[in-house]
Amino acid sequence: MDLSVLNLQQLEAVLHKDGPLLVFAGAGSGKTRVITYRIANLIHTHGVSPRHILAVTFTNKAANEMKERLRHLLGDAARGLWVGTFHSICLRILRESGTAIGIPPNFVVYDESDQLEVVRQALIALNIDEKQFNARTIANQISRAKERLLTPEQYQERAIDFFERIVASVYRNYQAFLRSANALDFDDLLVRTIELLETQPLIRARYQDQFRYILVDEYQDVNYAQYVLVRLLAENHRNLCVVGDDDQAIYSFRGAEVELILRFEQDFPDAKVVKLERNYRSTQPILDAAHKVIQENTLRAPKKLWTERTDGAPITFTQAIDQEDEARIVADYIFQQVRQGKRRFKDFAVLYRTNAQSRAFEERFLRERIPYRLVGALRFYDRREIKDLLAYLRVVVNPDDSVSLKRIINVPPRQIGQSTLNAVQAHAAEWGISLYQALNDPRLLGTFTPKTLQAVQQFVLLIEELREFARTHSLTATVKRLLESSGYLAWLEQKGDADSLDRAGNLREFVTVVEGFERKLQDEEETPEDTLNAFLQHIALLSDIDTLDESRDQVVMMTFHAAKGLEFPVVFLVGLEQGIIPHALSETPRDIEEERRLLYVGMTRAMDELHLLCARERSVYGSRKAAIPSPFLRALADTPMPSLFQLRYGGAKPSPLQWTPPHRRQEPPKPAPEKPAPFLPGQRVHHPQHGYGIVVRTQEHVVTVMFPGGKGLMSFPLQGCPLEEA
DNA sequence: TTGTCCCCTATTTTT
DNA sequence: TAGGGGACAA
Ligand SMILES: Nc1ncnc2c1ncn2[C@@H]1O[C@H](COP(=O)(O)OP(=O)(O)OP(=O)(O)O)[C@@H](O)[C@H]1O
């Protein structure tokens, strides 16, 4: 195997065979590469069987890439390796061995919205007003508790105020509900795996023996439960290699604790520590700027980072008028670079703090026919029609899954309305049975009018018939059958509006996805039921980034969070404004430092070019608000940063960041009393603050003017613009 | 029971 | 801005 693609420090980490190992290093220093080559080396040089190796990645996509690279390095010798996220690995363990603690392998994985629904049900059962205690907040609290491995009882003991006591009772109820629906939420996957390993010595011994080498990427973002799981699994062989960078810890809102990586050397006093200092990804100007930003943080371990790419383009900073202008500037730049043959679309990434910011870019890119892929909060599988279909499938697997049943009982409408549903729910709650059991309970059915009774019985018949069908047919056939016999597809088509037809299209696409999944499983001998289970569980753990296809020539857009671990030749960081990053909701110094790390993660995704943008004005909830640059950019005050205008039109020499101090409020644009004078390119104009300039271009609503004296180009909305002919 | 219309509110980030 | 929920008529 060719280890010459590693530097000395990387080699040191890769060759370290037994015992705990910490690779602690900055962005782009080749940490992930170390993990990959360490695995390859263990298999190739030391003859370790792949099934004795467990590698944990942050996303499913990262797992797939690692598998792919190992296949490339080792060919078939890499088969049998365990690579996946914490959640997918726990899922696999629970499927294999969960029965020992009463988890049948066909459990359902509840996602966030299912979770919320369960909390709502619990609130109703406990007679708590949802307006008084927000279901989402409570669901979050429950998640936090599980991440700290607190049972409802333990949580209750620790509850210090009224709210927490409420949460404790909801939590207890919530767990009971999950159990009766044979469901696990995301956190349960970890919690129950740990429970399994802690209470079942034989099973623990088996997995501890199996995973002789454990490697964890992005260790700075593990939470307490994940930490406990790793320790538990590694306890015996102690061949644990963790890799991370405290400056890239950005998931504390999800319970992750950076302290866990900082504590590694105390947990394993004999740990070998390797630091990597050479960055292979970015040019010097990018690295310098990123370093200036992150250096402002106080809670960090200092680290060096250098690069041989000392000759890069300067980073740019551009203030746009508003978000549309921001999108326009980015689109123009991309278009120009592609047209000149310098770049392809897939070389570009647009990164932002919040998903809502993608909108202006989508619109602009659509208009300019720039192909793009949005990695969004809304997954394909989260679309309403797909979730409905999945709910049907879950009910087919497990009719006692009341959350799913409730979702589809009247979709499409089948005469089972709110009042019937209320009666069913009340009955189910009263007798402690599932909704489906209630629907079959003569005591309840007796109270229905003939019309309702018929509707209910038809529904039960539909489900039974589908269950029978699913037992004896392929997954694809079942899905097709379901779309027919539930009347779902017909319902959408009969509605006939654009939205419904769109949804119908998505459902057909879903059938294709199912076919693909089934084809991949072909070699494994599975019963139709197993296939269906595996499919549902698999989908529950997918995130949108996992479906990103990097071979397609398209610009990618995603949040800073989603970009973790990725790299792109040209990166635009947009909306770098106070209130967005740091986000207005971050308050404590700790929060602020995490926001700064987020910016750092974004900056360090760039290989060749980094472009920072912000807008002077932004629409929030539809109303326009003045915006000022993010205070984080102050760290770059002495960095020469030309704007994209200057880059394009030449003009003034790169100037330092023009800082608009926070106290100097931007004037909201005054509505123009008369039709604005049309400006022509080449025309001389005067601006009250910036003085004389030359118009370089006019568009429908915007005029761009070049000012002398290092000011470069500025754009103004024609509406209410203070420019005058000179 | 269904469908429509209008008002209100929520928005950080996600496995 | 949008989408969810409540009020109301058919
Ligand atoms: N020894 C090396 N020689 C050449 N290129 C390398 C070397 N090590 C890593 N690289 C390249 O550097 C880039 C960053 O590597 P990698 O993703 O492993 O870094 P990382 O430390 O995991 O980054 P991050 O923390 O930002 O996710 C990749 O393109 C990788 O191929």
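Around the ligand in this predicted model, 18 residues form the shell, and those that come nearest are Val-5, Gln-10, Lys-31, Thr-32 and Glu-567. Sorted by class, the shell is made up of nine polar, five charged and four nonpolar residues. Helix α2, which runs over residues 31-44, gives the most to this shell, with three residues. In terms of domains, at least three shell residues come from domain 1 (6-97 + 188-277), and at least three come from domain 3 (314-374 + 547-647).

A few atom pairs show how protein and ligand meet. Thr-32, already listed among the nearest residues, places a polar side-chain atom 2.7 Å from an oxygen atom of the ligand. With Gly-30 the backbone does the job: one of its N or O atoms sits 3.0 Å from a ligand oxygen. Tyr-280 points to another kind of atom, with a polar side-chain atom 3.3 Å from a nitrogen atom of the ligand. How much of the ligand ends up covered? On its own, the ligand has 640 Å² of accessible area, and the protein covers 82% of that. As background, the size of an interface is often expressed as the accessible area that is lost when the parts come together.

Next comes the DNA. Strand B has 25 residues around it, and Arg-353, Gln-415, Ser-419, Thr-420 and Tyr-621 come nearest. Here the classes work out as 13 polar, eight nonpolar and four charged residues. Which parts of the strand does the protein meet? Counting the atoms of DNA strand B within 4 Å of the protein, 55% belong to sugar or phosphate, while the rest belong to bases.

Some of the contacts on the sugar and phosphate side can be named. Thr-420, one of the nearest residues, has a polar side-chain atom 2.5 Å from a phosphate oxygen of DNA strand B. The side chain of Ser-543 also meets a phosphate oxygen of the strand, with an N or O atom 3.1 Å away. For His-583, the partner is a sugar or linking oxygen of DNA strand B, which lies 3.2 Å from an N or O atom in the side chain.

Chain A itself is split into five parts: domain 1 (6-97 + 188-277), domain 2 (107-180), domain 3 (314-374 + 547-647), domain 4 (401-533) and domain 5 (681-723). Taken over C-alpha atoms, the centres of domain 1 and domain 4 are 40 Å apart.

The protein also has some empty space inside. Rolling a probe the size of a water molecule over the atoms shows where such space is left. Three cavities of 30 Å³ or more turn up in the structure, and the largest cavity holds about 240 Å³ of space. Its lining consists of 21 residues, with Val-109, Asp-114, Leu-390, Arg-394 and Leu-536 nearest the centre. By class, that lining has 10 nonpolar, seven charged and four polar residues. Strand β4 (108-110) and the helices α17 (384-397), α18 (402-408) and α26 (528-541) each put at least two residues into the lining of the largest cavity. Where does the largest cavity sit with respect to the domains? Both domain 2 (107-180) and domain 4 (401-533) give residues to the lining, so the cavity lies between them.

Finally, a few spots in the backbone stand out. The peptide bond from Val-411 to Pro-412 is cis, its omega being near -5°, and Pro-412 belongs to the loop between α18 and α19 (418-431). A cis bond is also found from Ile-581 to Pro-582, with omega near 5°. Pro-582 sits in the loop between β13 (568-573) and α27 (589-603). Asn-127 is not a glycine, yet its phi is positive, at about 60°. This asparagine lies in the loop that joins α5 (112-125) and α6 (135-147).

Note on methods:
Residues numbered from 1 in each chain as written. Chains lettered and ligands numbered in written order. Predicted model: local features only at pLDDT ≥ 70, side-chain atom pairs only at ≥ 80, totals over all residues. Heavy atoms only, no water. Near = heavy atom within 4 Å. Polar contact = N/O pair within 3.5 Å; in protein donor to acceptor, adjacent residues only side chain to side chain. Areas by Shrake-Rupley, 256 points an atom, 1.4 Å probe, with all protein chains shown as cover. Helix = DSSP H or I, 4+ residues; strand = E, 2+ residues; numbered from the N terminus. Nonpolar A, V, L, I, M, F, W, Y, C, P; charged D, E, K, R; others polar. Domains from an automatic or database assignment. 1 Å grid on protein atoms, 1.4 Å probe; cavity = no way out; pocket = protein on both sides within 12 Å on 5 of 7 lines; lining within 4 Å. Points joined across faces, edges and corners; volume = space filled by probe spheres on them.
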